[in-house]
Amino acid sequence: QLVESGGGLVQAGGSLRLSCQASLRTFASYGTAWFRQAPGKEREFVAAINWRGGKTNYADSVKGRFAISRDNVKNTLYLQMNSLKPEDTAVYYCTATRKPYSEDVGDFGAWGQGTQVTVSS
């Protein structure tokens with residue numbers, strides 16, 4: 001089970017920090033990621049982090065503005081979002097895979113319910 005929090009309404013240029021609490025028994029062994037879905041669009045990759053936290057990657061659209069991290073003791077995944085833009089408006093989902101790392105949506109079987117992020121111009 002994955003539960004996201006931290007979404008909300010923010011002005012362009014602002015920041016938000018998303019959290020994802022996992023109740024997966026072996027969370028520390030899972031690769032994890034954030035995806036997002038805007039109205040009328042397909043779900044898209046945002047950022048991924050490997051099971052140890054030593055490898056990360058980002059979509060070009062968020063590179064330099066977002067930072068993914070995880071705390072395996074707290075079983076929590078984070079997404080720090082800075083310099084937010086209206087085009088970042090979407091429902092953000094955290095997800096986990098039994099693979100140590102992945103960016104492929106097809107590899108992810110566990111999904112949260114999503115948290116809405118709205119960026120006003």
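## Briefing: an eleven-strand chain

Asn75 sits in the loop that runs between β7 (66-71) and β8 (76-81). It is a good place to start a tour of this predicted model, as Asn75 has a phi near 55 degrees, which is a positive value in a residue other than glycine. Around that loop is a chain with eleven strands and zero helices. Below you will find the overall build, the nonpolar core, the disulfide, the aromatic rings and the loops, in that order.

**Overall build**

- Reading from the N terminus, the order of elements is β-β-β-β-β-β-β-β-β-β-β.
- The radius of gyration is 13 Å, close to the 14 Å given by the globule rule for 121 residues, so the chain is as compact as a globular protein of that length.
- Measuring tape in mind, you can picture the C-alpha trace spanning about 40 × 25 × 25 Å along its principal axes.
- Of the 121 residues in the chain, 46% count as buried.
- Among contacts with a separation of 6 or more, 58% are between residues 24 or more positions apart.

**The largest nonpolar core**

- This core has 35 residues, and those touching the most other members are Trp34, Val46, Phe66, Ile68, Leu79, Met81 and Tyr92.
- Two or more residues come from each of β3 (16-22), β4 (31-37), β5 (44-49), β7, β8, β9 and β11 (115-120).
- The largest share belongs to β5, which gives five residues to the core.
- Tyr92 is worth a closer look: leaving aside residues up to four places away in sequence, its contacts include Trp34, Val46, Phe66, Leu79 and Met81.
- Tyr92 also touches Glu4, Leu18, Phe35, Arg36, Gly114, Thr115 and Val117.

**The disulfide**

- The count for this structure comes to one disulfide, and it joins Cys20 to Cys94 with an S to S distance of 2.0 Å.
- Cys20 belongs to strand β3 and Cys94 to strand β9, so the pair ties together parts that lie 74 residues apart in sequence.
- The torsion about the S-S bond of Cys20 and Cys94 is about 45 degrees, and the disulfide is therefore right-handed.
- Both ends can be checked for burial: Cys20 is buried at a relative accessible area of 2%, and Cys94 counts as buried at 0%.

**Aromatic pairs and their cluster**

- There are five aromatic pairs in the structure.
- One of them is Phe35 with Phe45, an edge-to-face pair with 5.8 Å from centre to centre and 75 degrees between the planes.
- Because Phe35 lies in strand β4 and Phe45 in strand β5, this pair ties together parts that are ten residues apart in sequence.
- Phe35 is buried with a relative accessible area of 2%, while Phe45 is buried with 16%.
- Phe35 also pairs with Phe108: the ring centres are 5.6 Å apart and the planes stand at 70 degrees, so this pair is edge-to-face.
- The pair of Phe35 and Phe108 links distant parts of the chain, as Phe35 is in strand β4 and Phe108 is in the loop between β9 (90-97) and β10 (110-111), 73 residues apart.
- Both of these residues, Phe35 and Phe108, are buried.
- Stepping back, ring pairs link Phe35, Phe45, Tyr93, Phe108 and Trp111 into a cluster.

**Charges over rings**

- Lys55 places its charged end over the ring of Tyr101, at 4.2 Å from the ring centre.
- Arg70 does likewise with Phe27, its charged end sitting over the ring at 4.5 Å from the centre.

**Loop residues with positive phi**

- Ser83 is not a glycine, yet its phi is positive, at about 50 degrees.
- Ser83 is placed in the loop between β8 and β9 (90-97).
- At 40% relative accessibility, Ser83 counts as partly exposed.
- Asn75, met at the start, has its positive phi near 55 degrees and lies in the loop between β7 and β8.

Technical notes:
Residues are numbered from 1 along each chain as its sequence is written. This is a predicted model: local features need pLDDT of at least 70, side-chain atom pairs count only at pLDDT 80 or more; totals for chains, interfaces and linings use all residues. Side-chain values use heavy atoms; hydrogens and water are left out. Helices (H or I, at least four residues) and strands (E, at least two) are DSSP runs, numbered from the N terminus. Buried means under 20% relative accessible area, exposed over 50%, partly exposed in between (1.4 Å probe, protein chains only). A nonpolar core is a set of buried Ala, Val, Leu, Ile, Met, Phe, Trp, Tyr and Cys residues joined through side-chain atoms within 4.5 Å. Contact means heavy atoms within 4.5 Å. A disulfide is a pair of cysteine sulfur atoms within 2.5 Å. Rings of Phe, Tyr and Trp (its six-membered ring) pair if their centres lie within 6.5 Å; planes under 30 degrees apart count as stacked, over 60 as edge-to-face and the rest as tilted. A charge sits over a ring if NZ of Lys or CZ of Arg is within 6 Å of the ring centre and within 35 degrees of the ring normal. The radius of gyration is taken over C-alpha atoms; the globule rule is 2.2 Å times the number of residues to the power 0.38.
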